[in-house]
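Here are my notes for you to read alongside the model. Keep the 3D view open and click on each residue as it comes up.

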Amino acid sequence: MSGRRLGLLAVLALVALLPAGFEQYKLYVASLTLVYLTLAIGLNLTLGYAGQISLGHAAFMAFGSYAVAILGQRGVPFEVGLVVGAVVAFGFNIIVFLVLRNWESLTGGSFGISNIPRPAWGPLSFKSDRAFYFYILGWTALVVGSAYWILTSRWGRAFRAIRENEMRAEVVGVSLRNYKLMAFAIGAGYAGIGGALFAPLLGYIDPGAYTLDRSIQFLMMVVMGGLGRFEGPFIGAIVVTVLPEVLRAAEGFYLIIYALAVILMMLFMPKGLIGLWDLVVEWRSRGRRVVAPLTVPPGGPESG
(Lines give C-alpha, C1' and ligand atoms only; values in the text may rest on other atoms or scores of the structure.)
Protein backbone atom coordinates (compact mmCIF):
# COMPACT_ATOMS: atom_id res chain seq x y z
CA MET A 1 0.00 0.00 0.00
CA SER A 2 1.39 3.39 -1.03
CA GLY A 3 2.22 6.15 1.42
CA ARG A 4 -0.58 8.33 0.01
CA ARG A 5 -3.21 5.64 0.62
CA LEU A 6 -1.93 5.07 4.14
CA GLY A 7 -2.07 8.80 4.78
CA LEU A 8 -5.68 9.03 3.57
CA LEU A 9 -6.70 6.07 5.70
CA ALA A 10 -5.03 7.69 8.71
CA VAL A 11 -6.92 10.96 8.09
CA LEU A 12 -10.25 9.17 7.76
CA ALA A 13 -9.58 7.18 10.94
CA LEU A 14 -8.75 10.42 12.77
CA VAL A 15 -11.91 12.23 11.72
CA ALA A 16 -13.95 9.15 12.62
CA LEU A 17 -12.65 9.37 16.20
CA LEU A 18 -12.98 13.16 16.54
CA PRO A 19 -16.65 13.27 17.67
CA ALA A 20 -15.95 11.14 20.75
CA GLY A 21 -15.24 14.16 22.94
CA PHE A 22 -16.88 16.95 20.94
CA GLU A 23 -19.66 19.19 22.16
CA GLN A 24 -22.60 19.99 19.87
CA TYR A 25 -21.17 23.07 18.13
CA LYS A 26 -17.76 21.51 17.48
CA LEU A 27 -19.52 18.46 16.09
CA TYR A 28 -21.45 20.74 13.73
CA VAL A 29 -18.22 22.37 12.51
CA ALA A 30 -16.65 18.92 11.94
CA SER A 31 -19.72 17.80 9.97
CA LEU A 32 -19.70 21.01 7.91
CA THR A 33 -16.00 20.46 7.13
CA LEU A 34 -16.79 17.01 5.72
CA VAL A 35 -19.59 18.46 3.59
CA TYR A 36 -17.28 21.16 2.25
CA LEU A 37 -14.59 18.55 1.59
CA THR A 38 -17.02 16.70 -0.69
CA LEU A 39 -17.72 19.91 -2.60
CA ALA A 40 -14.03 20.90 -2.79
CA ILE A 41 -13.05 17.49 -4.18
CA GLY A 42 -15.51 17.97 -7.03
CA LEU A 43 -14.25 21.47 -7.83
CA ASN A 44 -10.63 20.35 -7.62
CA LEU A 45 -11.36 17.66 -10.21
CA THR A 46 -13.04 20.17 -12.52
CA LEU A 47 -10.57 23.04 -12.06
CA GLY A 48 -7.37 21.53 -10.71
CA TYR A 49 -7.19 18.50 -13.01
CA ALA A 50 -9.26 19.36 -16.10
CA GLY A 51 -8.37 23.07 -16.01
CA GLN A 52 -11.96 24.38 -16.25
CA ILE A 53 -12.92 27.43 -14.22
CA SER A 54 -16.28 27.07 -12.47
CA LEU A 55 -18.02 29.73 -10.41
CA GLY A 56 -21.33 27.87 -10.39
CA HIS A 57 -20.47 25.30 -7.76
CA ALA A 58 -22.97 26.72 -5.28
CA ALA A 59 -25.70 26.18 -7.88
CA PHE A 60 -24.80 22.50 -8.15
CA MET A 61 -24.85 22.35 -4.37
CA ALA A 62 -28.34 23.89 -4.40
CA PHE A 63 -29.67 21.07 -6.59
CA GLY A 64 -28.70 18.52 -3.95
CA SER A 65 -30.05 20.59 -1.05
CA TYR A 66 -33.41 21.35 -2.60
CA ALA A 67 -33.81 17.83 -4.00
CA VAL A 68 -33.65 16.22 -0.52
CA ALA A 69 -35.71 19.04 1.03
CA ILE A 70 -38.55 18.96 -1.55
CA LEU A 71 -38.65 15.19 -2.05
CA GLY A 72 -38.29 14.59 1.70
CA GLN A 73 -41.50 16.57 2.28
CA ARG A 74 -43.23 14.11 -0.03
CA GLY A 75 -42.00 11.02 1.78
CA VAL A 76 -39.18 10.14 -0.63
CA PRO A 77 -36.18 8.47 1.12
CA PHE A 78 -33.19 10.72 1.73
CA GLU A 79 -30.82 8.64 -0.42
CA VAL A 80 -33.17 8.90 -3.43
CA GLY A 81 -33.23 12.68 -3.07
CA LEU A 82 -29.44 12.74 -2.80
CA VAL A 83 -29.02 10.74 -6.01
CA VAL A 84 -31.57 12.92 -7.83
CA GLY A 85 -29.74 16.06 -6.69
CA ALA A 86 -26.40 14.68 -7.85
CA VAL A 87 -27.78 13.67 -11.24
CA VAL A 88 -29.51 16.97 -12.03
CA ALA A 89 -26.76 19.17 -10.56
CA PHE A 90 -26.08 21.05 -13.79
CA GLY A 91 -26.92 24.73 -14.35
CA PHE A 92 -25.68 28.26 -13.85
CA ASN A 93 -25.41 30.08 -10.56
CA ILE A 94 -27.50 33.19 -11.28
CA ILE A 95 -30.27 31.30 -13.11
CA VAL A 96 -30.58 28.80 -10.29
CA PHE A 97 -30.66 31.56 -7.68
CA LEU A 98 -33.52 33.33 -9.51
CA VAL A 99 -35.50 30.10 -9.84
CA LEU A 100 -35.05 29.26 -6.16
CA ARG A 101 -36.16 32.72 -5.09
CA ASN A 102 -39.16 33.13 -7.40
CA TRP A 103 -40.70 29.65 -7.64
CA GLU A 104 -42.33 29.96 -4.22
CA SER A 105 -44.82 27.12 -4.64
CA LEU A 106 -41.94 24.63 -4.92
CA THR A 107 -38.93 26.15 -3.14
CA GLY A 108 -40.58 28.47 -0.61
CA GLY A 109 -38.95 31.46 -2.31
CA SER A 110 -37.13 33.85 -0.01
CA PHE A 111 -38.68 32.12 3.02
CA GLY A 112 -36.82 28.91 2.16
CA ILE A 113 -37.62 25.43 3.47
CA SER A 114 -37.39 24.52 7.13
CA ASN A 115 -37.66 21.36 9.23
CA ILE A 116 -35.66 19.31 6.72
CA PRO A 117 -35.58 15.75 8.08
CA ARG A 118 -32.39 13.77 8.50
CA PRO A 119 -32.19 10.28 6.95
CA ALA A 120 -33.48 7.17 8.68
CA TRP A 121 -33.32 3.49 7.76
CA GLY A 122 -36.41 2.03 9.36
CA PRO A 123 -35.73 1.88 13.10
CA LEU A 124 -32.17 3.17 12.56
CA SER A 125 -32.23 6.97 12.72
CA PHE A 126 -29.52 9.53 11.99
CA LYS A 127 -31.32 12.41 13.70
CA SER A 128 -28.77 12.99 16.44
CA ASP A 129 -25.77 15.17 15.63
CA ARG A 130 -23.32 12.36 16.33
CA ALA A 131 -25.16 9.80 14.21
CA PHE A 132 -25.52 12.23 11.32
CA TYR A 133 -21.82 13.04 11.53
CA PHE A 134 -21.00 9.40 10.86
CA TYR A 135 -23.58 9.32 8.08
CA ILE A 136 -21.83 12.28 6.41
CA LEU A 137 -18.48 10.60 7.00
CA GLY A 138 -19.69 7.54 5.11
CA TRP A 139 -20.66 9.57 2.05
CA THR A 140 -17.42 11.55 2.26
CA ALA A 141 -15.40 8.32 2.27
CA LEU A 142 -17.35 7.18 -0.79
CA VAL A 143 -16.59 10.45 -2.60
CA VAL A 144 -12.89 10.32 -1.64
CA GLY A 145 -12.58 6.71 -2.79
CA SER A 146 -14.35 7.29 -6.09
CA ALA A 147 -12.34 10.47 -6.79
CA TYR A 148 -9.09 8.59 -6.12
CA TRP A 149 -10.17 5.82 -8.49
CA ILE A 150 -11.09 8.33 -11.21
CA LEU A 151 -7.84 10.26 -10.94
CA THR A 152 -5.68 7.13 -11.07
CA SER A 153 -7.58 5.77 -14.09
CA ARG A 154 -7.19 6.73 -17.75
CA TRP A 155 -9.81 9.43 -17.15
CA GLY A 156 -7.53 11.11 -14.64
CA ARG A 157 -4.58 10.90 -17.01
CA ALA A 158 -6.72 12.48 -19.73
CA PHE A 159 -7.79 15.30 -17.38
CA ARG A 160 -4.16 16.07 -16.52
CA ALA A 161 -3.15 15.97 -20.19
CA ILE A 162 -5.86 18.52 -21.04
CA ARG A 163 -4.77 20.78 -18.19
CA GLU A 164 -1.11 20.71 -19.22
CA ASN A 165 -1.53 21.13 -22.98
CA GLU A 166 -4.84 20.84 -24.81
CA MET A 167 -3.29 20.69 -28.27
CA ARG A 168 -0.89 17.89 -27.36
CA ALA A 169 -3.69 15.99 -25.59
CA GLU A 170 -5.85 16.16 -28.70
CA VAL A 171 -2.97 14.97 -30.88
CA VAL A 172 -2.59 11.78 -28.80
CA GLY A 173 -6.29 11.01 -29.11
CA VAL A 174 -7.92 12.69 -26.08
CA SER A 175 -11.40 14.02 -26.89
CA LEU A 176 -11.37 17.50 -25.37
CA ARG A 177 -15.13 17.93 -25.54
CA ASN A 178 -16.01 14.57 -24.01
CA TYR A 179 -13.47 14.68 -21.18
CA LYS A 180 -14.21 18.31 -20.29
CA LEU A 181 -17.91 17.53 -20.07
CA MET A 182 -17.12 14.45 -18.02
CA ALA A 183 -14.95 16.38 -15.54
CA PHE A 184 -17.58 19.10 -15.23
CA ALA A 185 -20.39 16.60 -14.72
CA ILE A 186 -18.49 14.61 -12.08
CA GLY A 187 -17.60 17.78 -10.19
CA ALA A 188 -21.23 18.93 -10.34
CA GLY A 189 -22.41 15.52 -9.12
CA TYR A 190 -20.11 15.69 -6.10
CA ALA A 191 -21.45 19.19 -5.39
CA GLY A 192 -24.98 17.79 -5.51
CA ILE A 193 -24.05 15.17 -2.92
CA GLY A 194 -22.51 17.85 -0.70
CA GLY A 195 -25.60 20.01 -1.04
CA ALA A 196 -27.85 17.10 -0.12
CA LEU A 197 -25.86 16.55 3.08
CA PHE A 198 -25.76 20.29 3.80
CA ALA A 199 -29.54 20.75 3.92
CA PRO A 200 -30.42 18.39 6.82
CA LEU A 201 -27.25 19.41 8.68
CA LEU A 202 -28.63 22.95 9.00
CA GLY A 203 -32.29 21.92 8.93
CA TYR A 204 -33.16 25.06 6.94
CA ILE A 205 -32.19 26.36 3.50
CA ASP A 206 -32.97 29.45 1.45
CA PRO A 207 -31.61 30.88 -1.82
CA GLY A 208 -29.14 33.11 0.05
CA ALA A 209 -27.03 30.05 0.88
CA TYR A 210 -26.19 29.39 -2.78
CA THR A 211 -24.93 32.70 -4.13
CA LEU A 212 -21.71 33.52 -5.96
CA ASP A 213 -20.02 34.16 -2.60
CA ARG A 214 -20.44 30.50 -1.71
CA SER A 215 -18.90 29.44 -5.02
CA ILE A 216 -15.91 31.69 -4.36
CA GLN A 217 -15.56 30.10 -0.92
CA PHE A 218 -15.23 26.66 -2.53
CA LEU A 219 -12.73 28.08 -5.03
CA MET A 220 -10.66 29.36 -2.09
CA MET A 221 -10.63 25.90 -0.55
CA VAL A 222 -9.19 24.35 -3.68
CA VAL A 223 -6.62 27.08 -4.37
CA MET A 224 -5.47 27.43 -0.75
CA GLY A 225 -5.17 23.69 -0.27
CA GLY A 226 -3.29 23.07 -3.49
CA LEU A 227 -4.76 23.26 -6.98
CA GLY A 228 -4.54 19.98 -8.86
CA ARG A 229 -3.33 18.02 -5.81
CA PHE A 230 -5.46 15.22 -4.42
CA GLU A 231 -4.67 16.23 -0.84
CA GLY A 232 -5.49 19.90 -1.50
CA PRO A 233 -9.24 19.82 -0.77
CA PHE A 234 -8.61 18.14 2.59
CA ILE A 235 -6.38 21.00 3.73
CA GLY A 236 -8.47 23.74 2.11
CA ALA A 237 -11.77 22.53 3.57
CA ILE A 238 -10.31 22.37 7.07
CA VAL A 239 -8.63 25.79 6.88
CA VAL A 240 -11.54 27.69 5.29
CA THR A 241 -14.11 26.13 7.65
CA VAL A 242 -12.20 25.97 10.93
CA LEU A 243 -9.98 29.07 10.77
CA PRO A 244 -12.86 31.59 10.99
CA GLU A 245 -14.18 29.72 14.03
CA VAL A 246 -10.77 29.89 15.71
CA LEU A 247 -10.49 33.60 14.97
CA ARG A 248 -13.92 34.48 16.35
CA ALA A 249 -12.26 35.11 19.71
CA ALA A 250 -10.78 38.24 18.09
CA GLU A 251 -14.36 39.58 17.82
CA GLY A 252 -14.55 42.46 15.33
CA PHE A 253 -11.02 41.90 14.04
CA TYR A 254 -11.42 38.29 13.00
CA LEU A 255 -12.52 39.07 9.43
CA ILE A 256 -9.49 41.34 8.97
CA ILE A 257 -7.13 38.69 10.37
CA TYR A 258 -8.75 36.00 8.22
CA ALA A 259 -8.51 38.09 5.05
CA LEU A 260 -4.88 38.99 5.80
CA ALA A 261 -4.02 35.32 6.39
CA VAL A 262 -5.60 34.38 3.06
CA ILE A 263 -3.71 37.12 1.19
CA LEU A 264 -0.36 36.12 2.72
CA MET A 265 -0.92 32.46 1.85
CA MET A 266 -1.82 33.35 -1.73
CA LEU A 267 1.28 35.56 -2.09
CA PHE A 268 3.90 33.34 -0.47
CA MET A 269 2.45 29.89 -1.13
CA PRO A 270 1.56 29.77 -4.84
CA LYS A 271 1.25 25.97 -4.66
CA GLY A 272 -1.16 26.21 -1.74
CA LEU A 273 -0.63 24.87 1.75
CA ILE A 274 0.28 21.47 0.35
CA GLY A 275 3.47 23.21 -0.83
CA LEU A 276 4.66 23.23 2.80
CA TRP A 277 4.54 19.44 2.80
CA ASP A 278 6.52 19.39 -0.45
CA LEU A 279 9.19 21.54 1.18
CA VAL A 280 9.41 19.17 4.16
CA VAL A 281 9.73 16.14 1.87
CA GLU A 282 12.40 17.89 -0.20
CA TRP A 283 14.32 18.90 2.93
CA ARG A 284 14.24 15.36 4.27
CA SER A 285 15.37 13.89 0.95
CA ARG A 286 18.31 16.29 0.87
CA GLY A 287 19.30 15.26 4.36
CA ARG A 288 19.35 11.61 3.38
CA ARG A 289 21.63 12.11 0.42
CA VAL A 290 25.13 10.81 1.02
CA VAL A 291 28.20 10.96 -1.09
CA ALA A 292 28.70 7.67 -2.91
CA PRO A 293 31.81 5.87 -1.54
CA LEU A 294 34.88 5.57 -3.76
CA THR A 295 35.25 2.16 -5.33
CA VAL A 296 38.67 0.52 -5.25
CA PRO A 297 39.74 -1.74 -8.11
CA PRO A 298 40.11 -5.43 -7.24
CA GLY A 299 43.89 -5.21 -7.46
CA GLY A 300 44.03 -2.50 -4.88
CA PRO A 301 45.51 0.94 -5.36
CA GLU A 302 48.71 1.17 -7.31
CA SER A 303 51.72 1.44 -5.09
CA GLY A 304 54.08 4.34 -5.57
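1. A quick definition before we start: a residue is called buried if its relative accessible area is under 20%, exposed if that value is over 50%, and partly exposed in between. Try this on Ser125: its relative accessibility is 31%, so Ser125 counts as partly exposed. You'll find Ser125 in strand E3, which covers residues 124-125. Leaving aside residues up to four places away in sequence, Ser125 touches Pro119, Ala120 and Ala131. Please also keep in mind that this is a predicted model.

2. Now zoom out. The protein chain has 14 helices and 4 strands. Of its 304 residues, 44% count as buried. Have a look at the contacts too: among those in the chain with a separation of 6 or more, 76% are between residues 24 or more positions apart.

3. For one example of sequence distance versus distance in space, find Thr107 and Pro207. They are 100 residues apart along the chain, and their C-alpha atoms are separated by 8.8 Å. Thr107 lies in helix H6 (residues 104-107). With a relative accessible area of 3%, Thr107 is buried.

4. Next, helix H4, residues 78-87. Which of its residues are buried? They are Phe78, Gly81, Leu82, Gly85 and Ala86. These residues cover an arc of only 135 degrees around the axis, so they sit on the same side of H4. And what do they pack against? Their partners are helix H3 (57-73), H7 and helix H10 (176-202).

5. Phe78 comes back when you look at the aromatic rings. Across the whole structure, a search finds 15 aromatic pairs. Take Trp121 and Phe126 as one of them: the ring centres are 5.0 Å apart and the planes are at 75 degrees, which makes the pair edge-to-face, because planes over 60 degrees apart are given that name. Why two numbers for one pair? A pair of aromatic rings is described by the distance of the centres and the angle of the planes. The two partners fall into separate classes of burial: Trp121 is partly exposed at 46% relative accessible area, while Phe126 is buried at 10%. Ring pairs also link Phe78, Trp121, Phe126, Phe132 and Tyr135 into a cluster.

6. Let's go to the empty space inside. How many cavities of 30 Å³ or more are there? The count comes to 1. The largest cavity holds about 40 Å³ of space. Its lining is made of Ile41, Asn44, Leu45, Tyr49, Ala147, Leu151, Phe230 and Pro233. By class, that is 7 nonpolar residues, 1 polar and no charged. Helix H2 (24-49) and helix H7 (129-151) each supply at least two of the lining residues, and H2 gives the largest share, with 4 residues.

7. Asn44 deserves a closer look, since I just listed it in the cavity lining. This residue is found in helix H2. Is Asn44 buried or exposed? Asn44 is buried, with a relative accessible area of 2%. Not counting residues up to four places away in sequence, Asn44 touches Tyr49, Val222, Gly226, Leu227, Gly228, Arg229, Phe230 and Pro233. Tyr49, Phe230 and Pro233 should ring a bell, as they are among the residues that line the cavity.

8. Then there are the pockets. The second largest pocket has about 380 Å³ of space. Its lining has 20 residues, and those nearest the centre are Tyr36, Gln217, Val240, Pro244 and Arg248. Five helices, namely H2, H10, H11 (212-226), H12 (232-247) and H13 (254-268), each supply at least two lining residues. What classes do the lining residues belong to? There are 14 nonpolar, 2 polar and 4 charged residues.

9. One last spot to check is Asn115. Its phi is near 55 degrees, a positive value in a residue other than glycine. As background, most residues other than glycine have a negative phi. Where does Asn115 lie? Look in the loop between strand E1 (113-114) and strand E2 (120-121). With 71% relative accessibility, Asn115 counts as exposed.

How values were computed. Residues numbered from 1 in each chain as written. Predicted model: local features only at pLDDT ≥ 70, side-chain atom pairs only at ≥ 80, totals over all residues. Heavy atoms only, no water. 1 Å grid on protein atoms, 1.4 Å probe; cavity = no way out; pocket = protein on both sides within 12 Å on 5 of 7 lines; lining within 4 Å. Points joined across faces, edges and corners; volume = space filled by probe spheres on them. Nonpolar A, V, L, I, M, F, W, Y, C, P; charged D, E, K, R; others polar. Buried < 20%, exposed > 50% of the residue type's maximum accessible area, 1.4 Å probe, protein only. Arc of directions from axis to C-beta. Contact = heavy atoms within 4.5 Å. Phe/Tyr/Trp six-rings, centres within 6.5 Å; stacked < 30°, edge-to-face > 60°.
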